[in-house]
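The following exercises introduce a protein model step by step. Please look over the sequence and structure before working through them.

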Amino acid sequence: MADRPDGEPATTATRPPLGSWALLYLVVCVLALVVMLLLYWFTQRFNLPMAS
Amino acid sequence: MGTIDWLVFFAFLAYVVWDGVRRRKGANDLEGYYAGGRSIPWWAAGLSIMATQASAITVIGTTGQGHEFGMEFVQSYFGLPFAMVLLCIFLVPYYRSRNVLTPYELLEERFGPASRSMASLIFLCSRCLALGAVIYAPSVALSAILGLDTAAAVLVIGALTTGYTMVGGVSAVIWTDVKQMSVILLGLLLVFGMLLVDLWPQFGSFGAMLDIAGAADKLGALEVVPAHDGLWPRTHADVAAGVGEPSFWEEKYNVWAGVFGGLFLHLSYFGCDNSQAQRLLTSRDADQSKKSLLMSAFAKVPMQGFVLLIGVLMWLFYATHEQPLLFKPDHVAAAESPALAGQVAALEVEFATAHEERKVAMRELAALDGDPANHADELRRYQAAVVAVEHVRRRARTLVGGATDEHGAPKDDRDTNNIFCRYILDEMPPILLGLIIAAIFAAAMSSIDSVLNALSGATIIDFYRRWLRPGCSEREALRAGKFVTLFWGAIATFTALFFAGGGSIIEMINQVGSWFYGSLLGIFVMALFVRRAGDLAGALGLVGGMTAVLVVRATVHVEFLWYNVVGLLGVLLVGGLTALIAPRRT
């Protein structure tokens, strides 16, 4: 495949991060869930609701 | 503010304007002006997406939100990473399948001219309404800090941003956004560092700070169990009369509203709002556009949590130091009026006592070993002291604020957006103060410039060149585009001059967006998945979506994140039914 005008090989521009888009999407979703779990732990560990 | 701060501030302003104006070389045709010649690197487009969303409201309003309500606001961003993935799968390939300059162009090809024009009009209305607030919020802050009149600050922000955006087009927007985002992050890190330097010696560890802030209910970052589980929403009349139990839909922030309501808000904002969707058209190809979107997917929730945490630490700072009773300059001025001075003085005394009691109770709780939850008596005393301080502040704001509810009774005029400014003005050392003010300015400009260019793009591409001057040359359209950028800049500045918003502006912006966004998302969902739908179904669907939101808003008490779902369902229901009755002609 021919290089693009900016000198970057076309193959690197079209190669998805982590090898496949599906895997990257999975990583994003899993990380989002991990962040939510961390925030859940954070809330449970530190937050004390006001006594009504 | 000293000379050195002014120098830092002016140096930054001059640099941004110069950087924006020098991009004019690439903006000599419509594709250059509105799509950056499709040559913007993904990381620059990604930073621009983040900078556009991280307006001055993020810096000022979100820290204030953290100070007043703790971390709960972070939940409204939980749907964002999932929204980005869905946009990458469905919308980005669709947008990049044609060389369009606004996403609404695709709607004409798929449905017809009515659907395109209506969707573009909805975008213009929603953004125009919000843009005044986006200029107003930092202007208030800067006027307080710089000792300027608010109108002067509005004019400076509006004129500078309109100037470089008009000349340089979307390339100017994106490349200035990159620098502005860096300054925003640097400014936030500096404030975080300053707070830590102050608080660490008092508490001994970061964990101890979190224990004490958490004991005041400031660290509720994820609420799984909703406070109310009834699914039938109450009417506004019921709410006013105090009849019936609050429903699930009335709770503003919990994980369910954040993941599902937030999902639809962010799908629509990043996918269908031209101020963000335009970024997806500026990169070389669909893969680059996907990468720029996923950048926010990784960074946004942690960043928003970090900004809220700064607000919480600010609360801790004021709980351990002298705290002003009133943060808003208007309130302070009103409190000095002869009519109110006596009552305010009494409240000041009450506040000083409550503040001291909170400080003592906090010290007692912090001195105890282990989890504050294990010390029930001290915890109860501390929480009661926290509530007492907030109670006096609320009474003072209500007294001097002059705000009234729908029945004419005085109501709380919140000062959420003034807390950050007061903190930096009182506590930041020279040079850093100049930098932080530059960061607020950067945040304001990075959002305004994107919206201005997007408003101009939609006006020229979807209306001027489509309806008014269909055969006009590229050169004429570009000239008109620059003029329209100036026009929208003037409108936004004018709106900001007469804006009188109180409360949390970040919430208000999201609320205004939520009235429109569900419908915008609905029309694109129909374009992708409802093959039978034609122009009539698209146009009626949009009307149905907007009407559904209006009806729900006027009748029942439902929190704003759910409006996105209501609008989407309204479009799909009305548009789907129309498509069944009058299918698209092929």
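**Exercise 1: the domains of chain B**

Chain B is divided into domain 1 (3–318 + 423–581) and domain 2 (329–414), with bounds that come from an automatic or database domain assignment. This is a predicted model, in which local features need pLDDT of at least 70 and side-chain atom pairs count only at pLDDT 80 or more, while totals for chains, interfaces and linings use all residues. Residues are numbered from 1 along each chain as its sequence is written, and chains are lettered from A and ligands numbered from 1 in the order in which they are written.

Task: State how many residues each domain of chain B gives to the contact between them.

Solution. Step one: the centres of domain 1 and domain 2 of chain B, taken over C-alpha atoms, are separated by 33 Å. Step two: 10 residues of domain 1 and 12 residues of domain 2 of chain B take part in the contact, where two residues are in contact if their C-beta atoms, placed from the backbone, lie within 7 Å. Step three: on the domain 1 side, helix H9 (residues 206–215) of chain B provides the largest share, four residues; helices here are DSSP runs of H or I with at least four residues, numbered from the N terminus.

**Exercise 2: the nonpolar core**

Task: Determine where the largest nonpolar core lies with respect to the two domains of chain B.

Solution. Step one: this core has 201 residues, of which B:Met84, B:Ile135 and B:Ile440 touch the most other members. A nonpolar core is a set of buried Ala, Val, Leu, Ile, Met, Phe, Trp, Tyr and Cys residues joined through C-beta atoms within 7 Å; buried means that 20 or more other C-beta atoms lie within 10 Å of the residue's own, with C-beta atoms placed from the backbone. Step two: helix H18 (residues 432–468) of chain B contributes 20 residues, the largest share of the core. Step three: domain 1 and domain 2 of chain B both give residues to the core, so it lies between them.

**Exercise 3: helix H16 of chain B**

Task: Identify what covers the buried residues of H16(B).

Solution. Step one: H16 (residues 376–401) of chain B has 26 residues. Step two: its buried residues include B:Leu379, B:Tyr382 and B:Val386. Step three: the cover over the buried residues of H16(B) includes H9, helix H14 (329–335) and helix H15 (338–367) of chain B. Step four: after H16(B) comes B:Gly402, with a positive phi near 75°.

Note on methods: A residue is buried if 20 or more other C-beta atoms lie within 10 Å of its own, exposed if 12 or fewer, and partly exposed in between; C-beta atoms are placed from the backbone. Helices (H or I, at least four residues) and strands (E, at least two) are DSSP runs, numbered from the N terminus. The expected span of a helix is 1.5 Å times one less than its number of residues.
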